[in-house]
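Please read this briefing alongside the sequence and the coordinates. The notes after the display are grouped by topic.

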Amino acid sequence: QKILGQHGDLAGRRVIVTAGGTHEPIDPVRYVGNRSSGKMGYNLAIDARDRGAHVILISGPVALPAPYGVELHQVETAMQMRDVVHSFITNADVLVMSAAVADYRPQVAATQKIKKQTQHEAMGHQDGGALTLHLVQNPDILGELATTLDGDGDASRGSGGISNTPAKKRLIRVGFAAETEHLLEHAREKLRKKHLDLLVANDVTRLDSGFGTNTNKVLIFHADGAMEDLPVLPKTGVATAIWDRIVPLLG
Ligand code: CTP
Ligand code: CA
């Protein structure tokens, strides 16, 4: 059994975990969202807490209780999540982005509830009352850190660039990739593009993996090109496996 607090292998560390999906408002009662339950991220936060870390859990809207002993910050949108991540990044040792950040948001959120056209009004229109949402891209919270922390271009992680604080060890960055096809190719590409230390990939078309499930079947990709294929595990076990791989990367 692990002991809460001081003697864990993350004692004295500050870690940021993001969890859940973001909600991008269409109007005061509707949003664009995704199927993330937040379970993977909450398990990661709880495991880090049990290993002695100070945990900052930045969560989108989820139906999970606030974990005891974790600093929880609730957000709704990708832009809010980005702001909160930035506000804690300077002193952090690790950032684990398990949140399913919405890639797009409605360009404008209507201030009042959008009313549908009545059947009668719709009949007079060629589109039969269709509604078009104009979506714009959200910033890539993890991806943009590759530039701000490492400098741009092919600068390897940790060398050169702007460090999160001067003379402080660099921030370990871990990403997730939920894929429905070409898992290996997409995962390797994300690891490289976002300059990650680790990328955890899962095939969300499997019944035992991904959204809403309590188990997960993941592949872990390392910065040096190594890849590990983990068996189906409870999400608590996946969380432990991930921290077991992060701890040795901490200087
Ligand atoms: N991510 C992020 N900010 C975004 C989108 C994604 O920080 N706006 C992070 C996720 O939290 C995850 C990683 O980037 O750790 C990969 O997310 P994913 O959605 O799989 O990749 P994308 O780069 O968004 O590519 P795509 O959705 O097109 O596959
Ligand atoms: Ca995405």
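**Briefing on the predicted model**

Strands S2 and S3 form a hairpin, with two residues between them. The model to which this hairpin belongs is a predicted one, and the secondary structure of its protein chain comes to six helices and 14 strands. An open sheet of eight strands is described below together with the helix that packs on it, followed by several loop residues and a calcium ion.

**Hairpin**

- Strand S2, which covers residues 24-27, pairs with strand S3, residues 30-32, in the antiparallel sense, and three bridges are found between the two.
- Within this pairing, proline 25 has tyrosine 31 of S3 as its bridge partner.
- Isoleucine 114 touches Ile26, Asp27 and Arg30, when residues up to four places away in sequence are not counted.

**Overall dimensions and packing**

- The radius of gyration of the protein chain is 20 Å, which agrees with the value near 18 Å that a compact globule of 251 residues would have.
- Along its principal axes, the C-alpha trace of the protein chain spans about 70 × 40 × 35 Å.
- Of the 251 residues in the protein chain, 43% count as buried, and the accessible surface comes to about 13,300 Å², with 53% of that area belonging to carbon and sulfur atoms.
- Among contacts in the protein chain with a separation of 6 or more, 64% are accounted for by residues that lie 24 or more positions apart.

**The open sheet and helix H2**

- The open sheet has eight strands in the order S5-S4-S1-S6-S9-S10-S12-S13, and its pairing is mixed.
- Its edge strands are S5 and S13 (227-229), each of which pairs on one side only.
- Neighbouring strands of this sheet are turned against each other by 15° on average, with direction ignored.
- Helix H2, residues 78-89, packs on the sheet and touches S1 (14-19), S4, S5 and S6, while the direction of H2 makes about 175° with that of S1.
- S1 is mostly covered, since five of its six residues are buried.
- S1 pairs with S4 in the parallel sense over six bridges, and in this pairing the bridge partner of threonine 18 is isoleucine 58 in S4.
- S1 also runs parallel to S6, to which four bridges join it, and here valine 17 stands opposite valine 96 in S6.
- S4 and S5 likewise run parallel and are joined by four bridges; isoleucine 58, the partner of threonine 18, stands opposite histidine 73 in S5.
- As general background, the side chains of a regular strand alternate between the two faces of the sheet.

**Loop residues**

- Proline 67 lies in the loop between S4 (54-59) and S5 (71-74), and with a relative accessible area of 10% it is buried, because the limit for that class is under 20%.
- Beyond residues up to four places away in sequence, proline 67 touches Tyr42, Ile46 and Leu57, and its C-alpha atom is separated by 9.4 Å from that of arginine 49, which is 18 residues apart from it along the chain.
- Isoleucine 114 is placed in the loop between S7 and helix H3 (119-123), and at 27% relative accessibility it counts as partly exposed.
- The C-alpha atoms of isoleucine 114 and phenylalanine 176, residues that are 62 positions apart along the chain, are separated by 35 Å.
- Histidine 182, in the loop between S9 (172-179) and helix H5 (183-193), has a phi near 45°, a positive value in a residue other than glycine, and is partly exposed with a relative accessible area of 47%.
- Histidine 195, in the loop between H5 and S10 (198-203), has a phi near 50°, again positive in a residue other than glycine, but is buried with a relative accessible area of 13%.

**Calcium ion**

- The calcium ion (ligand 2) is coordinated by Asp103 (OD) and Asp103 (OD), at 2.4 to 2.6 Å; the site may look incomplete, because water is not among the atoms.
- Aspartate 103 is found in the loop between strand S6 (94-97) and strand S7 (104-106).

Notes
Residues are numbered from 1 along each chain as its sequence is written. Chains are lettered from A and ligands numbered from 1 in the order in which they are written. This is a predicted model: local features need pLDDT of at least 70, side-chain atom pairs count only at pLDDT 80 or more; totals for chains, interfaces and linings use all residues. Side-chain values use heavy atoms; hydrogens and water are left out. Donors are N, O and S atoms within 2.8 Å of the metal (3.2 Å for Na, K and Ca); water is not among the atoms, so sites may look incomplete. Two strands pair if DSSP finds at least two bridges between them. The radius of gyration is taken over C-alpha atoms; the globule rule is 2.2 Å times the number of residues to the power 0.38. Buried means under 20% relative accessible area, exposed over 50%, partly exposed in between (1.4 Å probe, protein chains only). Contact means heavy atoms within 4.5 Å. Accessible areas come from the Shrake-Rupley method with a 1.4 Å probe; for residues, only the protein chains shown count as cover. Axes are lines fitted to C-alpha atoms, for helices over the stretch in contact, and angles run from 0 to 180 degrees between N-to-C directions.
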